[in-house]
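I opened a new page for this structure. I wanted to look up its pockets and one of its sheets.

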Amino acid sequence: MAVLTLASSENYILLPGGILDISSGCLITGKAVVIKEGRINELVEKSEIGELTRRGKFKIIDLQGLVLLPGLVDCHVHLAIDGTGFQKAMCRWENDEAMAENISQSIRAYLQHGIVAVRDGGDKECIGLKARDQFPNEPSPIVRASGFAIRKEGYYGSFLGEGIKEIAEVKTRIKKLIQLGVNQIKVLVSGIVSFKEYAKVGAIQFTLQELKTIVEISHNYGLKVMAHASSDHAVRTAIEAGVDSIEHGYFSSEASLELMAERGIPWVPTVVPVYMQTLEPWKHAFSSEQFNIIERTYKLQLERIAKAASLGVMLGIGTDAGAAGVMHGESYFQELKLFKAAGLPNLAILQAAILNGAKIIGLENELGAIRPGKKPLLIAVSENPLKNPQALQHVELMICLH
């Protein structure tokens, strides 16, 4: 795949074979995309290009019949780990050079797979935050960083952030995150899904009132809250507290999904980290009983995704990349395939991957559509992915901005 980097100081005209409107699912033909000063300026008929070039200086880029669409968004990743093994990844945290190289590989993997923005779910060393600013002179996806996570001492998530003892500590923690320049707040509402006991999830970390306090303080500072929540109790608590997105959300009830839809709270289901445990070589770590539990867990999540879509819940694509077996970049298409296995139509999956993703990570004014005012962070593929989703697995061209 080729990467084309546009200079913000230059003006361009892109000539694709078609432009995919993600909102409507229409393939627009006969149009060119005009880019001025780092933003999409307008879409014009190709017959108008001659007049435009007479009135101004443009670089013409012929995309040779390719279909142009907005870049993909991964709503949940962990740049501090890499999917090859948790302890091995954590050892690199002490080696700045090794960590920088590992992140560089992950960033390149995202570009190679057409992903123009990722939302990092945090780590106690704020490596995801450092990664955001690591590549000032290279093509890179936008990184929306969480810094460290807000969690309760003695509960799940020690690698994500130092635990708090009293809710009174929250304001100090959030102020620290603001000083670090985070893009959103990550809060751990529950533990993780058990692979030994079906439907068992680690304990709830905060009461409803405590979580409301975390959300209120975050919102007062203009920051969205992404909530790690599995188990219906955790999901319902997060919804009632007014979080801005539910992450993972395993074992959510239909009633909770209905409430999610009613309140406009997006859901990022992250199926692939559980699904990957059923494949080589990861499955050999589990007994046959555990394997069955894992399989039941991810298949139930697919059923819940289908139900959520039917209820009108905004769905986002998040891979939890960095988790065991979940590689940065390449795992994205696997998550799309799992959404397809859940029964969602191609347009709904693309909207989750692009339009919804931009909204969930707070970049709806920048990404998600090929319209005036948006950044030209785009991908080009050989076929219309609404007709052939496999086209997304082979991005021909990534268009970045510098």
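These entries cover two pockets, then a sheet and a helix that lies across it.

Entry one. I noted that the model is predicted. I looked up the largest pocket and found about 690 Å³ of space in it. I counted on the list 28 residues that line this pocket, and Y156, I192, P273, D320 and A323 lie nearest its centre. By class, I wrote down 14 nonpolar, 12 polar and 2 charged residues for the lining of the largest pocket.

Entry two. I went on to the second largest pocket, with a volume of about 340 Å³. Its lining has 19 residues, and E138, S140, P141, I142 and L401 are the closest to its centre. I asked which elements give two or more residues to this lining. They are α4 (127-132), β11 (142-144) and β19 (397-401). β19 gives the most, with 3 residues. I sorted the lining of the second largest pocket by class and got 13 nonpolar, 2 polar and 4 charged residues.

Entry three. I met β11 again in an open sheet of 3 strands, in the order β9-β10-β11, with parallel pairing. I marked β9 (72-77) and β11 as the edge strands, since each pairs on one side only. From one strand to the next, the twist averages 20°. I then looked at β9 and β10 (residues 115-120), which pair in the parallel sense over 4 bridges. I noted one bridge by name: L72 has I115 in β10 as its partner.

Entry four. I looked up what lies across this sheet. Helix α3 (residues 96-112) lies across β9, β10 and β11, and runs at about 135° to β10.

Terms used. Residues are numbered from 1 along each chain as its sequence is written. This is a predicted model: local features need pLDDT of at least 70, side-chain atom pairs count only at pLDDT 80 or more; totals for chains, interfaces and linings use all residues. Side-chain values use heavy atoms; hydrogens and water are left out. On a 1 Å grid over the protein atoms alone, a cavity is a set of points where a 1.4 Å probe fits but cannot get out, and a pocket is an open set with protein on both sides within 12 Å along at least five of seven lines; lining residues have an atom within 4 Å of a point. Grid points are joined across faces, edges and corners, and a volume is the space filled by probe spheres set on the points. Ala, Val, Leu, Ile, Met, Phe, Trp, Tyr, Cys and Pro count as nonpolar, Asp, Glu, Lys and Arg as charged, and the others, Gly among them, as polar. Two strands pair if DSSP finds at least two bridges between them. Axes are lines fitted to C-alpha atoms, for helices over the stretch in contact, and angles run from 0 to 180 degrees between N-to-C directions. Contact means heavy atoms within 4.5 Å.
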